[in-house]
Every structure is written in C-alpha cells, then in structure tokens.
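Colleague: I should like to learn how to read strands, helices and a core from a model. May we work through an example together?

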Amino acid sequence: MLQTLRQVASRVLPPSLVVRRGPVGAKRVALTFDDGPLPLTDAYLRCLDDLGVAATFFLMGDLVEVDPGIVREYVRRGHQVAPHGYHHTMFSSMSSRELAGELRRCGEIFGTQAQARPWVRPPHGALNTRSLAVALASGWSIAMWSFDSYDYKLNSADDLVERCSPTAITDGEIVLMHEGQQWTLDALPRIVEGLRGAGLECVTMADLLAR
Ligand SMILES: [Zn+2]
C-alpha cells in the first residue's frame, strides 16, 4: 500500500523546481563541477575514472558548441552533464528575452528539449525573481548546491581538502566545485577518500535525487 501511494505521489507531485541538496539517509553526496569543458577536462575525467566516481558537470554552451563530441565523452564515462548557461552571463543581468533565448540555445546544444524539466545551473548561482520565473516558464529547473567548496578562492589542494573534510560535507550534500583548476584536480583523490572513509558514496546529482 505504501509503495503504491509513493508511486502515485511521484507521478502527481511536481518535481522540485530549485534543487539545493539531496535527501539525508542514503549516505550519498554529489560532486558537481562547473565551467567546463576546459583543457584539464581529460585529466579530471581520468582522475574520476581512477577513483570510480561519477559526477555531474555543468558545462558552458559556447564551449560545448565548438567541441560537441566532448559531451559524449563525459556521458560515456558515466557522468551527468547539464548546461551552465551559454556565455556564463549572469541570468539576473539579462533581459527576459535574452535569457529565454539563451536557455533555448542551451536546450538545442544539450539536446534537452524532450526532457521533463532539465536542470540548468545559473552562472554564479545568480538569480532574481524575474530570471527564476523566466527559467521555470521556459521549462527548466534550477540546480544549485548546498556546499560551496570555495575552490575558486582556495587555490591550494591542501586547503581544499581541509575545507571538504567529511565533517563539513554531510549526507545528501551537493558540492560545488570547478573544472580547469589544477588544485581542485590534485585535491580530488583525498576528498573522495575522506568522504568514503566517512561512509559517503559520491554519485551524480541525478542519482542523488533519484531522477
Ligand atoms: Zn560558473
């Protein structure tokens, strides 16, 4: 009976439109990487392969457009990809018409038109009421994060490992990180080992949210 109710509820209730974290209890967290693809992408992918970790990558539309095959490479290795805007322009700084056009372009580049409420992560997480309304009305849902690694400020692998300790990152957390940074890449094995040591499995956002 409970199972039936849950199945019905999952069909009737709308999906969460602004995702900030995953559920507590499954002992899982999601590592997310913004701003790629970049020259270090291949090294990131090899590092995650070695660690046996699947992650979520929020990619730039303009960079994917010049290298469309790269999306297949992320996906082939078990990762999830979603757009992070086209030019990394803050959604809140665009007119409604510009933003709607940019989101449409992202949908075409990432082939998300047939998906129900695909995720987009706004550059800098910058949203105001108007841009949020435009994104939702354009059929997207918003993928934010619950834990900022500050890897754009902490340009040392040791500092990043300390910041991303398993006492700081807890069950269900969505962790914001960035591509293209040697210190982030260098820190990844120790961060993943630390999380695993605390019993936390690293999965994609889609898996964390069972979506
Ligand atoms: Zn970004």
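The dialogue below takes up the strands, then a helix, then the core.

Modeller: Please bear in mind that this is a predicted model.

Colleague: How should I think about a sheet in general, and which strands form the open sheet here, in what order?

Modeller: Strands of a sheet pair through backbone hydrogen bonds, in either a parallel or an antiparallel manner. In this structure, three strands make an open sheet, ordered β1-β6-β5, with parallel pairing. β1 (18-19) and β5 (119-120) are the edge strands; each has a single partner, so one side of each lacks a neighbour in the sheet. β5 is joined to β6 (residues 141-143) by two bridges, and valine 120 has isoleucine 142 of β6 as its bridge partner.

Colleague: Which strands does β2 pair with?

Modeller: Parallel pairing links β2 to β9 (residues 201-203) over three bridges, to β8 (residues 174-178) over five bridges, and to β3 over four bridges. Particular pairs help to locate these contacts on the screen. Alanine 30 has valine 203 of β9 as its bridge partner, leucine 31 has valine 175 of β8, and glycine 36 stands opposite leucine 59 in β3. Between β2 and β3 the chain passes through helix α2 (residues 41-51), and this β-α-β crossover is right-handed.

Colleague: Is β2 mostly covered or mostly open?

Modeller: Strand β2 (residues 28-36) is mostly covered, since nine of its nine residues are buried.

Colleague: Where does β3 lead next, and what are the directions of the residues in β4?

Modeller: β3 (residues 56-59) runs parallel to β4, and four bridges join them. One of the matched pairs is phenylalanine 58 with alanine 82 of β4. Along β4 (residues 80-83), Gln80 and Ala82 point one way, whereas Val81 and Pro83 point the other way; all of them are buried.

Colleague: Let us turn to helices. Why might residues some places apart in a helix point the same way?

Modeller: An α-helix has 3.6 residues a turn, so residues three or four places apart point the same way. Helix α5 (residues 96-110) serves as the case here: at 1.5 Å a residue, its 15 residues should span 21 Å, and its end C-alpha atoms are 21 Å apart, in agreement.

Colleague: Which residues of α5 are buried, and which are exposed on the other side?

Modeller: Leu99, Glu102, Leu103, Cys106 and Gly107 are buried in α5. Viewed down the axis of α5, the buried residues fall within an arc of 145°, so they line one face of the helix. Arg97 and Glu108 are exposed on the other side. The buried residues of α5 pack against α3 (61-66), β4, β5 and α6 (129-137). Glycine 111 follows α5 and has a positive phi, near 65°.

Colleague: How many residues are in the largest nonpolar core, and which have the most contacts inside it?

Modeller: The largest nonpolar core has 52 residues, and those with the most contacts inside it are Ala30, Leu31, Ala55, Val120, Val175 and Cys202. Helix α8 (residues 182-197) gives the most to this core, with five residues.

Colleague: What is valine 175 in contact with, leaving aside neighbours within four places in sequence?

Modeller: With those neighbours set aside, the contacts of valine 175 include Val29, Ala30, Leu31 and Thr32. Trp145, Phe147, Ser149, Cys164 and Ile169 are also in contact with valine 175.

Technical notes. Residues are numbered from 1 along each chain as its sequence is written. This is a predicted model: local features need pLDDT of at least 70, side-chain atom pairs count only at pLDDT 80 or more; totals for chains, interfaces and linings use all residues. Two strands pair if DSSP finds at least two bridges between them. A residue is buried if 20 or more other C-beta atoms lie within 10 Å of its own, exposed if 12 or fewer, and partly exposed in between; C-beta atoms are placed from the backbone. A crossover is right-handed if, with the strands pointing away from the viewer, the path from the first strand over the helix to the second runs clockwise. The expected span of a helix is 1.5 Å times one less than its number of residues. The arc is that of the directions from the helix axis to the C-beta atoms. Two residues are in contact if their C-beta atoms, placed from the backbone, lie within 7 Å. A nonpolar core is a set of buried Ala, Val, Leu, Ile, Met, Phe, Trp, Tyr and Cys residues joined through C-beta atoms within 7 Å.
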